[in-house]
Amino acid sequence: VPMVAPGNVQVHVINSTLAKVHWDPVPLKTVRGHLQGYKVYYWKVQSLSRRSRRHIEKKILTFRGNKTFGMLPGLEPYSSYKLNVRVVNGKGEGPASPDKVFKTPEGVPGSPSFLKITNPTLDSLTLEWGSPTHPNGVLTSYTLKFQPINNTHELGPLVEIRIPANESSLILKNLNYSTRYKFYFNAQTSVGSGSQITEEAVTIMDE
């Protein structure tokens with residue numbers, strides 16, 4: 001198997017899900033056989049928004065021939081990663097380079113985990129929601145938009161409300177009785193808005 005590890009491993013983080021890794025080629029005489037390529041082992045150490053340590057799954061990308069760089073796609077935003085590089089010949093892989101730590105920046109959040117509408121009255125509805133399973137950063141707020149739908153399925157004027165990130169419920173008042181409303185709900189980080197979930201509910205007709 002090869003004798004030495006690639007040196008001077010550098011990581012350039014391009015965005016919240018993509019990084020580029022560079023390394024110096026090993027001297028050909030240390031390959032001790034036919035140079036097949038380089039393998040990059042990389043794994044997520046932890047999410048920076050959740051301190052949970054789960055089972056660490058190592059991923060491997062193989063770059064053929066005498067390439068000295070490669071792209072690592074599909075990373076999770078706002079996370080800490082480690083990687084190392086090894087050279088490969090027909091017999092197997094050489095020793096690993098020292099582990100290199102890198103961090104991905106925040107991204108936009110996933111959609112809120114649920115939106116539930118309860119307690120209809122003549123002029124109010126109660127909304128409850130769960131924070132995104134993948135916040136991908138620090139949540140800054142939620143945005144709720146809603147509009148009435150009339151009997152011919154035409155949409156009325158859209159109302160927009162900003163809600164602090166630490167809230168998980170809201171009572172909407174001053175609604176029209178016996179009216180169907182459509183709700184659009186999403187979360188924000190400093191990077192931008194995540195995908196929204198939608199829900200519909202009806203205020204009651206009379207007491």
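**Strand pairing and the domain contact**

In strand S4, lysine 59 is the bridge partner of tyrosine 42. That pair is a handy way into this predicted model, since it belongs to a longer match: strand S3 and strand S4 (residues 59-64) run antiparallel and share 6 bridges. Strand S3 spans residues 35-47, and it is mostly covered, with 11 of its 13 residues buried. S3 also pairs with S6, again in the antiparallel sense, this time over 11 bridges. One of the residue pairs here is serine 47 with serine 79, the latter sitting in S6. As for what holds such strands together, the strands of a sheet pair through backbone hydrogen bonds, in either a parallel or an antiparallel arrangement.

Further along the chain there is an open sheet of 4 strands, which reads S11-S10-S13-S14 in order and pairs antiparallel. Its edges are strand S11 (159-164) and strand S14 (197-202), each of which pairs on one side only. On average, neighbouring strands in this sheet are turned by 25° against each other, ignoring direction. Within the sheet, strand S10 (residues 141-149) is joined to S11 by 6 antiparallel bridges. Threonine 143, for one, has arginine 162 of S11 as its bridge partner.

The chain splits into two domains, with domain 1 covering 7-104 and domain 2 covering 112-202. Their C-alpha centres are 42 Å apart, and the contact between them draws on 4 residues from domain 1 and 6 residues from domain 2. The size of an interface is often quoted as the accessible area lost when the parts come together. Here the two domains bury about 420 Å² between them, and 51% of that is on carbon and sulfur atoms. On the domain 1 side, Arg50, Pro77 and Tyr78 supply 77% of the area buried against domain 2, more than any other three residues.

Tyrosine 78 deserves a second look for its backbone. This residue is in the loop between strand S5 (69-72) and strand S6 (79-89), and its phi is near 55°, a positive value in a residue other than glycine. For context, most residues other than glycine have a negative phi, and most peptide bonds are trans. Asparagine 136 also breaks with that habit: its phi is positive too, at about 55°, although the residue is not a glycine.

Asparagine 136 lies in the loop between strand S9 (125-130) and S10. Is asparagine 136 buried or exposed? With a relative accessible area of 18%, it counts as buried, because the cut-off for that label is under 20%. Its side chain reaches the backbone oxygen of valine 108 at 3.0 Å. Leaving aside neighbours within four places in sequence, asparagine 136 is in contact with Pro77, Tyr78, Glu106, Gly107, Val108, Pro109 and Gly110. Tyr78 thus turns up in that list as well as among the three residues that supply 77% of the area domain 1 buries against domain 2, and Pro77 is likewise named in both the contact list and that trio.

Technical notes:
Residues numbered from 1 in each chain as written. Predicted model: local features only at pLDDT ≥ 70, side-chain atom pairs only at ≥ 80, totals over all residues. Heavy atoms only, no water. Pairing = 2+ DSSP bridges. Helix = DSSP H or I, 4+ residues; strand = E, 2+ residues; numbered from the N terminus. Axes fitted to C-alpha atoms, helices over the stretch in contact; angles between N-to-C directions. Buried < 20%, exposed > 50% of the residue type's maximum accessible area, 1.4 Å probe, protein only. Polar contact = N/O pair within 3.5 Å; in protein donor to acceptor, adjacent residues only side chain to side chain. Contact = heavy atoms within 4.5 Å. Domains from an automatic or database assignment. Buried area = accessible area lost by both parts, 1.4 Å probe.
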